[in-house]
Amino acid sequence: MTTVESSPTAAGSGANATEAFRSAQHEAADVSPERISAVVRGVLQGVHGAIREHKVTYPEFQAAKAWLIEVGEGGEWPLFLDVFVEHVVEEVTSEAQQGSKGTILGPYYLPAAKSLPAKATLPMRDDEKGTPLVFAGQVRDIDGTPLGGAEVDIWQADSEGYYSGFAPHLPEGNLRGVVTTDEEGRFEIRTIQPAPYQIPTDGPTGKLITAAGWHPWRPAHLHLIVRAPGHRPITTQLYFQGGEYLESDVAEAVKPELVLDPQDQGDGTVKSTYDFELERA
């Protein structure tokens, strides 16, 4: 993992996100020259159209070039693309898919989290702050068949909005785990409610957000990749009813079907349930 400063920074998060992306195994796309030409031409036509519509000046153009260079040097391309572009790619991809709703992966996924049984507590610090949360459910095929041995790969921010692996003060693997469902496809995960968080604002992506007068906040959520042999995995995020920024998520990734309704258990713990349906690959 890239060495970062003693407190979370855009540069540190960007470097780690870039390293994590490069080290992950991404499916290689076999793309024809015709497809490349069509997509690239479409992107360029969109840029050209915006320049013409808004009468972009040379000073603005030069400022944009300088900003693009900063994004690359700061390792923030995964952050920028995941926040502002990925939700549209996911939307297009999901049009032909069945099963539970998905949404963006985001820049904070790390592979090889700790393997955990169906009923488990996520790795956390002894003094982990936050409201205790029990998250339970079942993984099924779209025909209703329980999927025993499915994996629920879960990661989240802590109660201050920081992710392990991207904030140097957090232990490695904190609030991350891969839970294997029981023979009935069920799981029960004990964790804490995450906090809303703002994407790093001290780098070029943050400068753009500030200059545009936007806010940098994402609503509190759990990240998940749910997989089972012979089935299409689902990448999704689950949010919390009544949470801040649900209606103004900077990443535009919230869907009504993905909002949980936590129930107070009377002992300071809240519980949320959610079932996943996977379609056959």
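**Salt bridges, core and rings in a predicted model**

Mentor: Let us start with one contact: the side chains of K119 and E188 meet in a salt bridge, at 4.0 Å from N to O. Please keep in mind that this is a predicted model.

Trainee: Where in the chain do K119 and E188 sit?

Mentor: K119 belongs to strand β2 (residues 119-121) and E188 to strand β6, so this pair links distant parts of the chain, 69 residues apart. As for its surroundings, K119 is exposed, with a relative accessible area of 63%.

Trainee: And how many salt bridges does the structure hold?

Mentor: The structure holds 12 salt bridges. Another one brings together the side chains of D158 and R125, with 3.2 Å from N to O. That pair also links distant parts of the chain, with D158 in the loop between β4 and β5 and R125 in the loop between β2 and β3, 33 residues apart.

Trainee: Is D158 buried or exposed?

Mentor: D158 counts as buried, at 2% relative accessibility, whereas R125 is partly exposed, with a relative accessible area of 25%.

Trainee: What about E277, which residue does it form a salt bridge with?

Mentor: E277 forms a salt bridge with R140, and the closest N and O atoms are 3.6 Å apart. E277 lies in strand β14 and R140 in strand β3, so the pair ties together parts that are 137 residues apart in sequence. E277 counts as partly exposed at 28% relative accessibility, while R140, with a relative accessible area of 18%, is buried.

Trainee: Which residues do salt bridges that share partners join into one network?

Mentor: R125, E128 and D158 are joined into one network in that way.

Trainee: Changing topic to the core: which residues touch the most other members of the largest nonpolar core?

Mentor: That core has 49 residues, and F135, V139, L224 and F276 are the ones that touch the most other members. The elements that give two or more residues to this core are α4 (77-84), β3 (132-141), β4 (151-156), β6 (186-192), β9 (221-227), β10 (234-240) and β14 (276-278). As background, nonpolar side chains in soluble globular proteins tend to be buried together.

Trainee: What does F135 touch, leaving out residues up to four places away in sequence?

Mentor: With those left out, F135 touches I154, F187, E188, I189, L222, L224, L238, L260, S272, Y274 and F276. One of these, E188, is the residue we began with, the salt-bridge partner of K119.

Trainee: I also marked V179; what is it in contact with beyond its neighbours within four places in sequence?

Mentor: V179 lies in strand β5 (residues 176-180), and beyond those neighbours it is in contact with L116, P117, A118, A150, E151, V152, F187 and I189. V179 is buried, with a relative accessible area of 0%.

Trainee: Now the surface: which residues form the nonpolar patch there?

Mentor: V39, V43, V47, I51, V56, Y58 and F61 form it, and together they have about 620 Å² of accessible area. The elements giving two or more residues to the patch are α2 (33-54) and α3 (58-73), and the largest share, four residues, comes from α2.

Trainee: Where is V56 found?

Mentor: V56 is found in the loop between α2 and α3, and at 36% relative accessibility V56 counts as partly exposed.

Trainee: Last topic, the rings: how many aromatic pairs does a search of the whole structure find?

Mentor: The search finds 14 aromatic pairs. Among them, W77 and F80 form an edge-to-face pair, with 5.8 Å centre to centre and 85 degrees between the planes. Both lie in helix α4, three residues apart, which is about one turn of the helix. W77 is partly exposed, with a relative accessible area of 32%, and F80 counts as buried, at 15% relative accessibility.

Trainee: And why is the pair of Y108 and Y197 edge-to-face?

Mentor: The ring centres of Y108 and Y197 are 6.1 Å apart and their planes stand at 70 degrees, so the pair is edge-to-face, given that planes over 60 degrees apart count as such. Y108 lies in the loop between α5 (86-94) and β1 (115-116) and Y197 in strand β7 (residues 197-198), so the pair ties together parts that are 89 residues apart in sequence. Both Y108 and Y197 are buried.

Trainee: Which residues form one aromatic cluster?

Mentor: W67, W77, F80, F84 and W214 form one cluster, including the W77 and F80 pair in helix α4.

Notes: Residues are numbered from 1 along each chain as its sequence is written. This is a predicted model: local features need pLDDT of at least 70, side-chain atom pairs count only at pLDDT 80 or more; totals for chains, interfaces and linings use all residues. Side-chain values use heavy atoms; hydrogens and water are left out. Buried means under 20% relative accessible area, exposed over 50%, partly exposed in between (1.4 Å probe, protein chains only). Contact means heavy atoms within 4.5 Å. A nonpolar core is a set of buried Ala, Val, Leu, Ile, Met, Phe, Trp, Tyr and Cys residues joined through side-chain atoms within 4.5 Å. Patches are made of residues with over 30% relative accessible area and no salt bridge: like charges are joined within 9 Å, nonpolar side chains (Val, Leu, Ile, Met, Phe, Trp, Tyr) within 5 Å. Accessible areas come from the Shrake-Rupley method with a 1.4 Å probe; for residues, only the protein chains shown count as cover. Rings of Phe, Tyr and Trp (its six-membered ring) pair if their centres lie within 6.5 Å; planes under 30 degrees apart count as stacked, over 60 as edge-to-face and the rest as tilted.
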